[in-house]
Amino acid sequence: MSIFKEHKTSADRSATDRRRHKEKIEKAIREGVHNIIAEESIIGQEGKKKIRIPVKGIKEYRFVYGDNNQNKKVGSAPGKNIKRGQQVGDKDEPAAAGNKPGDEAGVEYYDVEITLEELAVYLFNDLELPDLEKKAMSKIISEKMKRSGYRSQGIRPRLDKKNSLRRKLKRKASAKRMGLHDEDDRFPFHDDDLKYKHIKNQVSETSNAVIFFMMDISGSMTKEKKYLARSFFFLLYHFINHKYENVDLVFLAHDVQAYEVNEDQFFKRGHGGGTMVSSAVEAALEIISKRYFPDSWNIYAFHCSDGDNWPNDTEKCLDLTNKLRDLCQLYGYCEIEPNEERIRWTDPDSTLSNTYQTLLGKNFKIVKIEKTEDIWPAFKRLFGGKLGV
Amino acid sequence: MSEWSFEELAVWDDKITSKAKEYDLDWFPIMYEVCDYYEMIGHMSYHGMPSHYQHWSYGKTFERTHQLYNMGMEGLPYELIINSDPSIAYLMRENPLYLQILIMCHCVGHSDFFKNNRMFADTRPESACIRFRSARKRIQSYIEDPSIGVSKVEDILDAAHSIKFHTDWYPLKKLTHKELKEVYLEKVKNDETGDYEDFDLDEIPLEPDYDLLGFIAEHSRHLSEWQRDVINIVKDETQYFIPQMKTKIMNEGWASYWHYRLMNELDLPQKHHIPFLKSHNQVIRPHIGGINPYHLGFTMFKKIEERYGLERCFFARETSHDESFLREYLTEEDCQELNLFSFSKKRDARTIDDISDEDGWKKIKADLIKTVGLNTIPKIYVDLIEPGGVLVIKHEHEGRDLELSYADEVCQHVMTLWGDVVKLITIVEGEPWEI
């Protein structure tokens with residue numbers, strides 16, 4: 001004689017453990033993203049594009065046998081015609097008898113698929129934009145029409161046919177239940193059935209930002225350096241885009257003179273010759289005065305260079321950069337110096353990072369990048385925030 | 001609303017139990033708890049134990065089961081019964097009456113197996129639930145202890161779980177280090193052959209120790225009391241579950257054999273009988289390209305009954321485990337009927353190595369045995385402690401190489417527990433290998 005009873009606890013017993021598991025996945029994603037941000041495949045991707053991030057550490061490792069020809073598995077196939085050497089599909093790959101999931105290597109994978117937008121959340125949530133001054137006009141008011149519920153009255157084009165029909169059918173069913181309606185009879189729409197979509201004006205505020213990406217494309221900027229610069233700019237763009245609704249981008253490439261170019265040209269264009277940084281800064285100032293009035297735009301400027309500048313340009317450059325800095329929320333200077341070029345013919349004292357030392361302050365920061373692994377730390381140094389330096 | 005009532009369940013239970021007693025089945029009293037599917041997979045994630053300590057891995061298991069359920073496996077007649085006295089079993093509220101009857105028959109088979117199979121002799125079913133609850137409370141107290149906290153507890157649990165199967169596999173009382181030393185002291189004293197001339201009585205361990213968890217808990221120099229306790233909790237749990245791992249095929253086969261037999265003798269009304277047959281066929285269908293333990297176990301018990309009579313089935317359920325069961329009873333004819341084949345991963349694809357013809361079936365039987373019970377778990381033992389506290393563990397290579405990327409991670413975990421350097425010695429592609 002067995003006992004039967006209603007199961008008592010209504011508590012969701014695995015809730016705590018599910019939360020811990022989720023935290024682990026998210027932590028792994030956060031740790032994983034930093035390793036992949038410099039990967040070619042995600043650079044230059046659109047925000048909606050999905051990317052796969054291999055997430056480590058959620059696996060429960062055990063001693064297991066490798067999946068190779070020493071490790072024979074056995075399957076059954078009653079009624080099927082099989083022969084030696086025949087290929088067995090991976091599709092319905094079976095777990096061998098007695099195995100719990102996860103006992104075998106390679107069964108588990110935790111590639112988490114996320115969009116770049118989600119990635120930005122993981123990457124940037126702990127970072128802060130330097131909130132230096134609230135721009136009076138930085139919020140532009142715009143009105144949008146937005147759906148908002150239903151009304152029983154409205155204009156014909158806004159009639160919600162599906163909803164109205166559903167209401168009619170409901171009424172019909174209940175009439176039938178009450179014995180008030182016979183299936184053969186006509187059952188017309190009633191005014192009460194009709195529902196109209198309601199539309200409301202919604203006021204929204206938009207915040208604007210413009211980013212000036214300036215890059216040295218002179219002969220000394222090798223492909224490798226450009227790649228580092230590009231990765232760095234990519235992060236900057238996504239970060240700022242994540243924080244503002246409207247982001248304008250201005251790409252300024254320069255050697256001895258500045259060129260305003262599009263994104264594609266910016267990263268692909270190569271030039272020979274010397275370097276005059278002042279040209280780009282001057283161009284930026286000009287564009288600001290023409291198109292991005294500082295009172296209504298949050299301005300960010302980032303400059304990537306390998307630090308070589310013509311000595312006789314230094315003074316002018318310093319002067320102009322100082323002016324530009326005053327207009328910017330943040331001016332970041334990123335010096336790229338790939339490892340193998342440590343010993344250079346230039347005098348280290350003459351690099352731009354040295355020249356710029358005098359400008360250092362709340363809205364002027366200098367970072368250095370030698371290799372892809374440096375990009376994230378450099379980025380964090382720029383935006384500090386909760387992650388610290 | 002369910003289409004059945006508790007009274008109906010009780011009526012069918014009476015019929016089932018009296019039928020089962022006619023066959024001399026001998027099981028623990030069963031307590032059925034009726035729950036919904038969400039609670040069901042909740043319990044499944046904790047191996048059915050009513051109380052179990054918390055660890056994120058069970059949350060992961062839940063998510064996976066839940067996902068499978070949503071992917072359309074919901075038709076499966078989930079059954080869940082634990083080896084305790086009384087046996088606790090769960091019935092899903094959503095299931096129709098015939099399925100409840102089927103699961104109740106199935107549970108009688110499991111409970112009988114728990115109570116009578118020799119492997120379970122030391123599992124102490126009467127106190128199982130209490131022990132798990134105590135373990136839960138202790139771990140909870142460590143989590144809540146401000147000087148310990150959840151991450152430290154998780155570190156130890158993560159590490160202990162990685163070697164949880166590496167403990168005593170046999171229901172023999174293991175000698176403590178001290179007792180073992182006595183044994184060897186006697187041997188050295190009465191050494192007439194000279195075999196023990198160079199025997200070092202101070203060496204730890206004195207003989208290869210396969211109980212990694214127990215060894216580390218006993219000999220690590222760095223563990224605090226609560227950490228030892230956590231390791232022992234994991235060890236106790238594994239020892240409780242090892243008999244079930246050893247007898248998965250037999251246990252499911254036995255329960256399926258009996259649900260089929262009892263159901264057919266219950267005089268089910270036609271409206272229950274046909275869906276029952278459908279569910280039964282679904283449960284014991286062969287998994288093409290894999291082994292369904294329900295199918296293999298059910299087929300084997302049918303064959304044994306045909307060949308040697310029901311008495312022999314009872315004998316096997318008492319004395320065998322999956323490995324010995326297959327070794328003794330799986331014949332060439334069975335291999336052919338099941339159309340068993342062996343396969344493995346070659347360079348770029350999985351191909352069939354052998355099929356169950358006259359030449360192949362013995363090899364396949366041997367390969368099958370290698371994949372049942374505890375044979376999927378590599379044998380690892382503590383070899384010695386090198387000067388400086390280096391723990392040397394060895395893999396007893398029997399033809400299959402370890403997956404090194406995994407072994408590497410496990411060694412990290414072992415180091416967490418041991419507190420000093422850990423070395424693993426194995427063989428890879430015929431060459432000695434050290435991690």
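This is a short tour of a two-chain model, from the contact between the chains to two sheets, a helix pair and one buried residue.

Hi everyone. Before we start, please keep in mind that this is a predicted model, in which local features need pLDDT of at least 70, side-chain atom pairs count only at pLDDT 80 or more, and totals for chains, interfaces and linings use all residues. Residues are numbered from 1 along each chain as its sequence is written, while chains are lettered from A and ligands numbered from 1 in the order in which they are written.

Let's begin where the chains meet. Chain A puts 56 residues into the contact and chain B puts in 75; two residues are in contact if their C-beta atoms, placed from the backbone, lie within 7 Å. On the chain A side, the elements giving two or more residues are β1 (3–6), α1 (15–36), β3 (73–76) and β4 (87–88). Helices here are DSSP runs of H or I with at least four residues, strands are runs of E with at least two, and both are numbered from the N terminus. The biggest giver on that side is α1(A), with seven residues.

The chains also share strand pairing. β3(A) pairs with β4 (residues 340–345) of chain B in the antiparallel sense, over four bridges; strands pair if DSSP finds at least two bridges between them. If you want to find the spot, look for A:Gly75, which stands opposite B:Phe341.

Now, which strands make up the sheet that contains β1(A)? The order is β1(A)-β1(B)-β3(B)-β2(B), in an open sheet with mixed pairing. At its edges are β1 of chain A and β2 (80–81) of chain B, each pairing on one side only. Inside it, β1 (residues 30–35) and β3 (residues 87–92) of chain B run parallel over six bridges, with B:Val34 opposite B:Leu91. Helix α4 (residues 97–116) of chain B packs on this sheet, touching β1, β2 and β3 of chain B, and its direction makes about 160° with that of β3(B). Angles run from 0 to 180 degrees between N-to-C directions, and axes are lines fitted to C-alpha atoms, for helices over the stretch in contact.

Chain B has another open, mixed sheet of four strands, ordered β6-β7-β8-β9. Its edge strands are β6 (380–386) and β9 (431–434), and the twist averages 25° from one strand to the next. β6(B) and β7 (residues 390–395) of chain B are antiparallel over six bridges, and B:Leu384 faces B:Val392 there. Across β7 and β8 (422–428) of chain B lies helix α17 (residues 404–418), at about 160° to β8(B).

On to a helix pair. In chain B, the axes of α5 (residues 128–144) and α9 (residues 225–246) come within 11 Å and cross at roughly 150°. The two are therefore roughly antiparallel, a label for angles over 145 degrees. Among the contact residues are B:Ala135 and B:Tyr142 of α5(B), and B:Trp226 and B:Ile233 of α9(B).

Finally, one residue: is A:Val281 buried or exposed? A:Val281 is buried, because 28 other C-beta atoms lie within 10 Å, and the cut-off for buried is 20 or more, with C-beta atoms placed from the backbone. A:Val281 sits in helix α6 (residues 277–291) of chain A. Leaving aside neighbours within four places in sequence, A:Val281 contacts A:Cys317, A:Leu320, A:Thr321 and A:Leu324. Thanks for listening!

Key:
Angles under 35 degrees count as roughly parallel, over 145 as roughly antiparallel, 65 to 115 as roughly perpendicular and the rest as oblique. A residue is buried if 20 or more other C-beta atoms lie within 10 Å of its own, exposed if 12 or fewer, and partly exposed in between; C-beta atoms are placed from the backbone.
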